[in-house]
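Let's take a walk through this structure together, strand by strand and then out to a helix. Have the sequence and the 3D view open as you read.

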Amino acid sequence: MSRDDASLDEHVASWRDQLVELSLPGVGAVTARVDDTPPADETPEDEPGFRRREPTVPPARETVRRTLAARPPLMLEHAWLVVPALGPVLPVEEAGVGLVGDLSGRRPPEEVQGESAAPARPSREGAEVGAPIGAPRRRPLSPRWGWFRVPAVAAALRARGGIVGRGALVGPRREWYEPAVATREDLLGAHPDQALESALAAARELGQVAVLRIGPDGLDVHPTGADPRVPVLEGLPLQVTTRPAQCPLQGEDGCGPCRPVGGPWIRASQEAQLDWEARRAQAVAMLGCGVCFGEALPPEPDQPQVPRLAEAVPVTHLGRLYLRGGGSVQIDPLIRPR
């Protein structure tokens, strides 16, 4: 595995610093994270006055922490078990696009370098991933084996007696997003240990690397053993707040619509805009947006007239994912054949 110690440490730290954003039955939309908000005297104040909004980029961690600290706290009456729902990412084989290995947890993570020996143009019509266009159609990947495993994880938890909510694990700077499913601990098992074992069994069955527990006792991370980088965390102080219907990309409440990065001017600007649109599409597909609602809103008066926001893309049509650790990979969308 060709990763240096710094990147490994960053990956391990992400399990402690990530945001857990869920829509829980009977509770509503919440955000949970480890409570390490800096004291009030360390929080800088914004200077008053009009400033033209800059393009929407991942906010600083301090901005996200300050926003969460300003929200009214929410006490969870029950503990919830959160199971990630990200399956293996199946890469598009194109020149200049690095391949990413199986992220399902069925084997240790690795970084695959170099181009394929037989590069092929991928079919978008449900043929085998990587098959040239014109190859015989095959059945598309089911939700149980695709990269978006929310339906399969939710079904596994419901079958064990739990009610489920859905959401995402989000990077501390809102730079990456992973789908996740949550279930109430006391409904999944008569004893907390029994409920945890049931959730771990579902996670292992569907190739997930950990189960998170959030509740009055704090945050716990229980690895399944599929990924040796996932740390064991127990009893970390937990900060839980309601989650307003806001832009999932921006780190502040009460924000306006996003401003795209790049534009249609030169090739570098076009590539930057396409990259930004991919990240926005992933965030809106997994968490929704209460600002633009995924609509193609025109620019505001303080913005150039181009570009404008694109319409929301269904999660099954996403062509690129931003992954934990900061990288991104192009994938074949899970599009069913017509």
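## Starting from a covered strand

Both faces of β3 are covered: on one side Trp80, Val82 and Pro84 are buried, and on the other Leu81 and Val83 are buried too. Keep in mind that we're looking at a predicted model here. The strand itself spans residues 80-84, and five of its five residues are buried.

Now look sideways, at the strands flanking β3. One of them is β7 (residues 177-184), which pairs with β3 in the antiparallel sense over five bridges. If you want a landmark for that pairing, find Val82, whose bridge partner in β7 is Ala182. Another antiparallel pairing links β3 to β8 (residues 210-215), this time over three bridges. Here the landmark is Leu81, which stands opposite Arg213 in β8.

Zoom out, and these pairings turn out to belong to an open sheet of nine strands with antiparallel pairing, in the order β10-β9-β8-β3-β7-β6-β1-β2-β11. Which strands stand at the edges? They are β10 (233-236) and β11 (238-242); each has a single partner strand, so one side of each is left without a neighbour in the sheet. From one strand to the next, the twist averages 25 degrees.

Further along the sheet order, β1 (residues 19-24) and β6 (residues 164-170) run antiparallel and are joined by five bridges. Leu22 is a handy marker in this part, as it stands opposite Gly167 in β6. A helix comes in here as well: α3 (residues 150-159) packs on the sheet and touches β3, β6 and β7. The direction of α3 makes about 15 degrees with that of β7.

Let's finish at another helix, α1 (residues 5-17), which is where you'll find His11. Is His11 buried or exposed? Its relative accessible area is 9%, and buried means under 20%, so His11 counts as buried. What does His11 touch, leaving aside its neighbours within four places in sequence? The answer is Asp227, Arg229 and Arg324. With Arg229 there is a polar contact, side chain to side chain, at 3.5 Å.

Arg324 is worth another look, since its charged end sits over the ring of Trp15, 3.8 Å from the ring's centre. So much for a charge over a ring; as for rings pairing with rings, a search of the whole structure finds one aromatic pair.

Technical notes
Residues numbered from 1 in each chain as written. Predicted model: local features only at pLDDT ≥ 70, side-chain atom pairs only at ≥ 80, totals over all residues. Heavy atoms only, no water. Helix = DSSP H or I, 4+ residues; strand = E, 2+ residues; numbered from the N terminus. Buried < 20%, exposed > 50% of the residue type's maximum accessible area, 1.4 Å probe, protein only. Polar contact = N/O pair within 3.5 Å; in protein donor to acceptor, adjacent residues only side chain to side chain. Contact = heavy atoms within 4.5 Å. Phe/Tyr/Trp six-rings, centres within 6.5 Å; stacked < 30°, edge-to-face > 60°. Lys NZ or Arg CZ within 6 Å of the ring centre and 35° of its normal. Pairing = 2+ DSSP bridges. Axes fitted to C-alpha atoms, helices over the stretch in contact; angles between N-to-C directions.
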